[in-house]
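Work through two exercises on the model shown here. Each has a task and a stepwise solution.

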Amino acid sequence: MNVQCHACGKVHPLADDVFGNQEVYWLSCAACGQAIRVVSPKLRTLRLETTARVAVPVTAEISAEGRELRLPEGQQLSLKMVEGEGKGTVFPVSKARMLIGRGNADITLNDSTASRLHCAVEVSDQEVFLRDLGSSNGTFVNDQPVAVAPLRDGSTFRVGMHVLQLVITPRPA
């Protein structure tokens, strides 16, 4: 029988008589030292446990149109709540794609008319875009529903019963 190390992939030959009356035999991989649990095929059926893999961290985000998303060097962006619960609250734009919605978002709104992931503010070089994420009730700029719309300093947009304003200021030295 051959046993393959799940860590490095090295194949180890294993004699059938190593199990004796045991159901499990532990083998140390000669290549990487990883402990390998081998279950006797004669005494027991192997049941593999599901494992969660850690995703590789993303260092650069790309918009649906292929723009590289990144925060500008000399500017500070923020979103100010101008209407709705939390009026006056200022949210710093701390990453190139900020999600806005009712739950699992960077900016969470207590608003039943907002979708869980309602829209995103995407920053690319000197451009800022608002992207609707398939929300139930739409995202509005100038009272017009939008799929994707450019934003400038002072632009406002509506998400459910909330209105937010993009504020761009020079980054303090």
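The exercises cover disulfides and cavities.

This is a predicted model, where local features need pLDDT of at least 70, side-chain atom pairs count only at pLDDT 80 or more, and totals for chains, interfaces and linings use all residues. Residues are numbered from 1 along each chain as its sequence is written, and side-chain values use heavy atoms, with hydrogens and water left out.

**Exercise 1.** Count the disulfides (pairs of cysteine sulfur atoms within 2.5 Å) and explain the count for Cys5 and Cys29.

Solution.
- Step 1. Take Cys5: its closest cysteine sulfur is in Cys32, at 3.7 Å, so this is too far for a bond.
- Step 2. Take Cys29: its closest cysteine sulfur is in Cys8, at 3.6 Å, again too far for a bond.
- Step 3. Check accessibility, where buried means under 20% relative accessible area (1.4 Å probe, protein chains only). Cys5 is buried at 3%. Cys29 is buried at 3% too.
- Result. The count is zero disulfides.

**Exercise 2.** Find the largest cavity and describe its lining.

Solution.
- Step 1. Set the rule: on a 1 Å grid over the protein atoms alone, a cavity is a set of points where a 1.4 Å probe fits but cannot get out, and lining residues have an atom within 4 Å of a point. Grid points are joined across faces, edges and corners; the volume is the space filled by probe spheres set on the points.
- Step 2. Count: one cavity of 30 Å³ or more. The largest holds about 30 Å³.
- Step 3. List the lining: Pro72, Gln75, Leu77, Val123, Asp125, Gln126, Glu127, Val128 and Ile168.
- Step 4. Sort the lining residues: five are nonpolar (Ala, Val, Leu, Ile, Met, Phe, Trp, Tyr, Cys, Pro), two charged (Asp, Glu, Lys, Arg) and two polar (the others, Gly among them).

Definitions and conventions. 1 Å grid on protein atoms, 1.4 Å probe; cavity = no way out; pocket = protein on both sides within 12 Å on 5 of 7 lines; lining within 4 Å. Disulfide = S-S within 2.5 Å. Buried < 20%, exposed > 50% of the residue type's maximum accessible area, 1.4 Å probe, protein only.
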